Amino acid sequence: MQTVINNYTTKPEVPTCTGSFDARELRFSRTMIFAIEEINNNTELLPGLRLGYQIYDTCGSVPVAVHVAFQLLNGQDTVFYKDSNCSRSGVVIAAVGDSGSTPSISISRIMGSFNTPLVSHFATCACLSDKQQYPTFFRTIPSDHYQADALARLVKYFGWTWIGAVHSDSDYGNNGMASFLKTATSEGICVEYIESFYRTDPESKIKRVADVIRRSSAVVVVAFTADGDMKFLLEELARDPPPPRQWIGSESWVTDPLSMGFSFCAGTIGVAIQQSFIPGLRDFLLDLSPSEVAASSVLTEFWEDAFNCSLRKSRDADLNRRECDGTEDIKALKSLYTETSQLRITNMVYKAVYAIAHALHNAACQEANNMTQCDKYMSLEPKQIVSELKKVNFSQNGYHVSFKANGDPVAFYELVNWQKSESGVIELVTVGYYDASLPMGQQFSINRNLTFVKGGTQVPMSVCSESCPPGTRKVLQKGKPICCYDCIPCPEGEISNKTDSPDCLRCCKEFWPNPKKDTCFPKPVEFLTFDEVLSIILAAFSVSGACLAIIIAVIFFYHRTTPIVRANNSELSFLLLFSLTLCLLCSLTFIGAPSEWSCMLRHTAFGITFVLCISCVLGKTIVVLMAFKATLPDSNAMKWFGHPQQRMTVVFFTFIQVVICIVWLVVSPPFPMKNLTTYKDKIILECALGSAVGFWAVLGYIGLLAVFCFVLAVLARKLPDNFNEAKMITFSMLIFCAVWITFIPAYISSPGKYTVAVEIFAILASSFGLILCIFAPKCFIILFQPEKNTKKYLMTKN
């Protein structure tokens, strides 16, 4: 388009086009002529009527498009058909075009004011679906709204979350990219850069866009550009070694053979209008006689440009071209005009013409006597055609044609991939589809293998940050898009079981994460089991101690008539050995999984047997004191503390402990519980005390008796008792008190199952202390020094 500055003093000149010839647009216009002739020869569609046409070149320019729109609507130009037999002239009731969205917007605004329909084959801007602004606009190609959705789903399908974006600085590119970015953002896709350009921009601007692509870290580039614009950008990228980029293309350029000539773009993926076949079209396009070419200025320009010769002698000198000699063979010509192997947009032109013809047929023709009759003299208004276009619903060559309320067709795209053939030529291969008419989740499908950047079959990575594996969570990097993040391990006790998890989930109380922190496993349950080394050692000491007490009792019973046994109150000795046996064996109840009964048994049995034991020791200590007083003159002490009183003392002190235990069991007994607080990664199965007051009352009572017994033993330690038993009791109670004093802090501070081990150790240590201090010396004399176990020796010692 040549820019002309008007000074408003002379009539403006008619705009003219400049630049290279577009052979593909010529194919579109010739396809329209082919469809009109096919309709005029059809006896079922518009019988008796013949369609005429007039073709204008808008040059893709808004000023020219506006001029064309007014020229179509002013009714002053005669509409010609090749037979010059049109029913009317000068009145345009519908138009096909334009190929660009921007010119179509201008044309549709003007034609809409006159209620004249415009049916476009290639204007895809979603803005044209607005019936408030463009009430008479229809199109056979889907809106960019669906194309943008398909492109966003395509990017999401391959896991690309970090992309670059370039688009034409036009209504097509601006609106298309805006729709794409809206959908992409909702899919979690981040855009590193967004650059726009237009073919008429200075070379420096296009170079700047190319440099942005080169410097970027995004491997994937989405290009929502017109074919003419994309050609300039690819040429700029090809000047230096082009960067390895995975291109995602809109339908405007991804099927353009000129763009496919850039080999570094192999692997490009994009959406394309459905491939089709129009019978007879190729023969029509190639059937150009010299006279027909010479009669048309457009065909003449195409012929001269295609064969580099001149049909007009006046231009030979200017173009330095040879004169066309008639040997030019259009069938051998490789041009966008003759390229009919993959008809896509061409079929949209074909369908647009047939849509208008069907609307005319419905408005001007009627069925009568099984025959269709059309009134060629009927006066039709353009708004009638608009009304009928909204209702058209037919199939042509197997392709359905209809319009929704907004003038758009049902969206269907093919997904195409640029793949290199064995000869090194890039071929367009259909690898899937996008069908907006299908239910959500079934609209997008890829059914063939693809090649990607550099011809590889492996999907390239294009992410700002690597995916966070399970066991970690995403933490956004400050000042960067949401696709840029760091992977932080989950905190203790929390997991993430999916990739790119934004948060970690805390495991339930009885579960704990595995080392990878991606699964919660049940916490291991810990208690003092019988098969542990520590348990085996403690159980061995417990059983051996009980056996030792039984053996001592057998020895004492066997030598019960000997002075040493009789002199040391054999009845209390046997009762003490019995209680010690129970004490040692009750420690076994602390080993194993706690149950309701074992928890109640272990603490109460321990408390009662120990009080029985201390009561016996206390009785023996009192006997020593009473025996000393009995040797004094006028003393009657042993009369008041004989065997019945000794038994009553033991029973009384033990009964008090029994009462304490019963109250404890009734009010708040011990019970098994899972300790989840001591360790975070395991469960301690233990006996809860129930009432802490009850537990410490039992221990306190034992301690009170032990201290009382210790004090009496200290007082009697230097008395001349039989075999010095008072001293042995003093040592045993000293050990007993020392063990249980140290038990308290050890019990409180020991974790988990070791609390039970400490309690068992205290029971065993204090029991062995009593056995060794009180009974070991006597057994040694009975077994190894029988000469001392005589009444004479006893009397001598006394």
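Q: Buried means under 20% relative accessible area, exposed over 50%, and partly exposed in between, with a 1.4 Å probe and protein chains only; why does Ser535 count as buried?
A: The relative accessibility of Ser535 is 1%, which lies under the 20% cut-off, so this residue counts as buried. The model is predicted, so local features need pLDDT of at least 70 and side-chain atom pairs count only at pLDDT 80 or more, while totals for chains, interfaces and linings use all residues. Residues are numbered from 1 along each chain as its sequence is written, and side-chain values use heavy atoms, with hydrogens and water left out.

Q: Which residues are in contact with Ser535, leaving aside its neighbours within four places in sequence?
A: Contact means heavy atoms within 4.5 Å, and on that basis Ser535 touches Leu528, Thr529, Phe530 and Ile591. Ser535 itself has its place in helix α15, which covers residues 533-558.

Q: What makes the chain more spread out than a compact globule?
A: The chain has 24 helices and 26 strands, where helices (H or I, at least four residues) and strands (E, at least two) are DSSP runs numbered from the N terminus. Its radius of gyration, taken over C-alpha atoms, is 53 Å, whereas the globule rule (2.2 Å times the number of residues to the power 0.38) gives 28 Å for 798 residues; the value is well over the rule, and therefore the chain is more spread out than a compact globule. Along the principal axes, the C-alpha atoms fill a box of roughly 165 × 65 × 50 Å. Of the 798 residues, 51% count as buried.

Q: Why is one side of β24 and of β25 left without a neighbour in the sheet?
A: The open sheet has three strands in the order β24-β26-β25, with mixed pairing. β24 (525-526) and β25 (671-675) stand at the edges with a single partner strand each, so one side of each has no neighbour in the sheet.

Q: How do you know that β24 and β26 pair?
A: Two strands pair if DSSP finds at least two bridges between them, and β24 is joined to β26 (residues 683-688) by two bridges in the parallel sense, so the condition is met. Within this pairing, Glu526 stands opposite Ile684 in β26.

Q: What makes strand β15 mostly covered, and which strands does β15 pair with?
A: Seven of the nine residues of β15 (residues 412-420) are buried. Five bridges join β15 to strand β8 (residues 269-273) in an antiparallel arrangement, and nine bridges, also antiparallel, join β15 to strand β16 (residues 426-435). Tyr413 in β15 is the bridge partner of Ile273 and stands opposite Tyr434 in β16. Five residues separate β15 and β16 in their hairpin, and in its turn Gly424 has a positive phi of about 90°.

Q: How do you know that the side chains alternate along strand β13?
A: In β13 (residues 393-396), Phe394 and Gln396 point to one face and are buried, while Asn393 and Ser395 point to the other and are not buried. β13 runs antiparallel to strand β14 (residues 399-402), with four bridges between them, and Gln396 stands opposite Tyr399 in β14. Two residues lie between the strands of this hairpin, in which Asn397 takes a positive phi near 55°.
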